[in-house]
Amino acid sequence: MHQQKRQLELVEGNLPVFVFPTELIFYADDQSTHKQVLTLYNPYEFALKFKVLCTTPNKYVVVDAAGAVKPQCCVDIVIRHRDVRSCHYGVIDKFRLQVSEQSQRKALGRKEVVATLLPSAKEQQKEEEEKGIKEPLSKSLFFEQSFQPGNCGLF
């Protein structure tokens, strides 16, 4: 039964891909942010091979853009922004991580990570603080979801 379910997952091509972070923000004025790391996790009991694709490959260097991840392990993928110019500020680029089983060619799953170049970390922080002050209180309230065993929320 487990094997049959796994084969269904693999055939459908919608295997969940676990990558962190899901967003990369580069700051032009902070050179330490020009190199960032994506971590790809493999929680499965089989090896995965991966490939990193990008919408604008001329702006980035991806170290080890293809490789393998052993079962229940992870790999770090280094991404460097190499074209830090003002004309790229605010442009959203995308990286796609495709995974497949070690012995197959077909992509079993994919995950997209967005990347943005911003002019200044300080400016961004200031904008977010101002936005937070102007944001109505109702938008920033969070409520705990309560759950009671045996109650599915149905009337």
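**Two open sheets, a shared core and the connecting loops**

At a relative accessibility of 54%, Asp 64 counts as exposed, where exposed means over 50% relative accessible area, buried under 20% and partly exposed in between, with a 1.4 Å probe and protein chains only. The model is a predicted one, in which local features need pLDDT of at least 70 and side-chain atom pairs count only at pLDDT 80 or more, whereas totals for chains, interfaces and linings use all residues. Residues are numbered from 1 along each chain as its sequence is written, and side-chain values use heavy atoms, with hydrogens and water left out.

Asp 64 lies in the loop between β5 and β6, strands here being DSSP runs of E of at least two residues, numbered from the N terminus. The phi of Asp 64 is near 55°, a positive value in a residue other than glycine. Gln 72, in the loop between β6 and β7, likewise is not a glycine and has a positive phi of about 55°, and Gln 72 is exposed, with a relative accessible area of 56%. Most residues other than glycine have a negative phi, and most peptide bonds are trans. The peptide bond from Phe 20 to Pro 21 is cis, with omega near -5°, and Pro 21 is found in the loop between β1 and β2.

One open sheet consists of 4 strands in the order β1-β3-β7-β5, with antiparallel pairing, two strands being paired if DSSP finds at least two bridges between them. Its edges are formed by β1 (18-20) and β5 (60-63), each of which has a single partner strand, so one side of each is left without a neighbour in the sheet. The twist in this sheet averages 25° from one strand to the next, the angles being taken on a scale from 0 to 180 degrees between N-to-C directions of lines fitted to C-alpha atoms. Within the sheet, β3 and β7 pair in the antiparallel sense over 8 bridges, and the bridge partner of Lys 35 in β7 is Arg 80.

A further open sheet is built from 5 strands in the order β2-β9-β8-β4-β6, with mixed pairing. The edge strands are β2 and β6 (66-69), each pairing on one side only, and the twist averages 25° from one strand to the next. Strands β8 (residues 92-101) and β9 (residues 109-118) pair in the antiparallel sense over 8 bridges, with Ile 92 standing opposite Thr 116 in β9.

The largest nonpolar core, a set of buried Ala, Val, Leu, Ile, Met, Phe, Trp, Tyr and Cys residues joined through side-chain atoms within 4.5 Å, has 25 residues, of which Leu 24, Leu 38, Leu 40, Phe 50, Ile 77, Phe 95 and Leu 97 touch the most other members. At least two residues of this core are supplied by each of β2, β3, β4 (48-54), β7 (73-81), β8 and β9. Leaving aside neighbours within four places in sequence, Leu 38 is in contact (heavy atoms within 4.5 Å) with residues including Leu 24, Ile 77, Leu 97 and Val 113.

His 34 lies in the loop between β2 (23-27) and β3 (35-42) and is buried, with a relative accessible area of 13%. Residues touched by His 34, not counting those up to four places away in sequence, include Phe 26, Tyr 27, Arg 80 and Val 84. By contrast, Cys 87, in the loop between β7 and β8, is exposed, with a relative accessible area of 52%.
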